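Thanks for sharing this one. Here are some notes on its charged pairs and its pocket, set out as numbered points.

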Amino acid sequence: MSQIPSIDVLRYTAFSADPEGGNPAGVVLDASGLDDAAMLAVAAELGYSESAFLTGRGEPGGAGSSGGAGSSGAREYTIRYFSPKAEVPFCGHATVATALALAERDGPGDLVFGTRAGTVPVTVTREGAELRATLTSVEPDVADIAPDDLAEALAALDWPAADLDPALPPRIAFAGARHLVLAAATRERLADLRYDFARLEALMHRLDLTTLQLVWRAAPAVFHVRDPFPVGGVVEDPATGAAAAAFGAYLRAEGLVPDTALLTLHQGEDMGRPGTLTVELRAGDARVRVSGTGTRIGD
């Protein structure tokens with residue numbers, strides 16, 4: 001990183017206690033001296049799907065204070081996220097990684113991250129030898145996708161429409177970032193992911209999508225998921241907290257799970273980086289909670 005100031009870049013994986021599992025993220029706990037170009041350069045050199053940068057204490061302009069700020073005395077930070085190609089408004093796995101890094105430095109407890117998508121409270125607890133972080137999303141939203149856009153997405157994936165699960169209709173879901181939810185009818189369909197990178201990237205830019213949330217329902221509350229991420233310069237994201245939150249909102253909006261539910265998402269198995277994301281829905285609260293463990297990985 002010879003073109004940027006000397007900084008301490010930590011490396012954590014989120015949603016797995018195994019350094020070889022989950023989703024790696026770069027974490028910079030003091031990025032106050034970095035400009036946008038420098039943060040992008042760090043993210044590009046690391047090559048992870050996203051890296052997180054704490055740029056100060058408190059919330060960035062425009063983040064607002066809605067969505068809950070955690071308990072009194074929570075530590076507050078401004079956080080930004082960069083893929084190797086661009087800044088993204090919110091990233092779940094990098095939020096978890098950053099929360100775990102702060103907990104290892106300062107102890108478990110309540111945190112509040114001011115993101116460009118809004119305010120995201122995070123609670124870190126210790127469970128035996130492991131730390132576990134739970135983030136609470138911003139207010140979610142679920143919308144239809146135009147038939148022509150759906151057809152283009154399926155063409156880019158080389159997925160016949162007949163391979164979709166009709167019980168889980170295609171939708172665009174948001175809980176800090178926008179994701180197109182597509183449900184495969186079989187585990188084999190989900191496992192066979194060979195897509196047109198440039199074609200899908202172009203569609204995702206046009207629709208302002210961060211990833212595609214490709215899912216297969218293994219049981220009423222258990223799903224296997226995969227997330228193509230060409231707009232970030234990455235073929236596939238190994239464990240995607242923002243998409244998990246959006247997917248929880250989608251399931252509730254479509255009446256596919258109860259208003260109060262605890263869901264398990266398995267991701268990364270087809271990449272050789274298995275991870276587990278827990279999604280919690282609470283009646284009377286539109287926000288979605290996503291939790292997981294993680295660990296520091298070698299520099």
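1. A word on residue classes, since the pocket point further down relies on them: Ala, Val, Leu, Ile, Met, Phe, Trp, Tyr, Cys and Pro count as nonpolar, Asp, Glu, Lys and Arg as charged, and the others, Gly among them, as polar. Please also keep in mind that this is a predicted model.

2. Let me start with the pocket. The largest pocket holds about 220 Å³ of space. Its lining is made up of 17 residues, and those nearest the centre are Val88, Pro89, Asp208, Leu209 and Thr210. Two elements, strand 5 (87-88) and helix 5, each give two or more residues to this lining. By class, the lining of the largest pocket has nine nonpolar, five polar and three charged residues.

3. Next, the salt bridges, which come to 20 in this model. One of them joins the side chains of Arg80 and Glu87, with an N to O distance of 2.9 Å. Are the two partners buried or exposed? Arg80 counts as buried because its relative accessibility is 17%, under the 20% limit. Glu87, with a relative accessible area of 23%, is partly exposed.

4. A second pair is Arg206 with Asp149, whose closest N and O atoms are 2.9 Å apart. Where do these two residues sit? Arg206 lies in helix 5 (residues 197-207) and Asp149 in helix 3 (residues 147-157), so this salt bridge ties together parts that are 57 residues apart in sequence. The two ends have their own settings: Arg206 is exposed, with a relative accessible area of 54%, whereas Asp149 counts as buried at 12% relative accessibility.

5. The third pair I would point you to is Glu236 and Arg226, whose side chains meet in a salt bridge at 2.8 Å, N to O. Glu236 belongs to strand 14 (residues 234-237) and Arg226 to strand 13 (residues 222-229), and the pair links distant parts of the chain, ten residues apart. Both Glu236 and Arg226 are buried.

6. Which residues join Glu236 and Arg226 in one network? Arg187, Glu269 and Asp270 do, through salt bridges that share partners.

7. One last link between the points: helix 5 comes up twice. Helix 5 carries Arg206, the partner of Asp149 in helix 3, and helix 5 also gives two or more residues to the lining of the largest pocket.

Terms used. Residues are numbered from 1 along each chain as its sequence is written. This is a predicted model: local features need pLDDT of at least 70, side-chain atom pairs count only at pLDDT 80 or more; totals for chains, interfaces and linings use all residues. Side-chain values use heavy atoms; hydrogens and water are left out. A salt bridge is a side-chain nitrogen of Lys or Arg within 4 Å of a carboxyl oxygen of Asp or Glu. Buried means under 20% relative accessible area, exposed over 50%, partly exposed in between (1.4 Å probe, protein chains only). Helices (H or I, at least four residues) and strands (E, at least two) are DSSP runs, numbered from the N terminus. On a 1 Å grid over the protein atoms alone, a cavity is a set of points where a 1.4 Å probe fits but cannot get out, and a pocket is an open set with protein on both sides within 12 Å along at least five of seven lines; lining residues have an atom within 4 Å of a point. Grid points are joined across faces, edges and corners, and a volume is the space filled by probe spheres set on the points.
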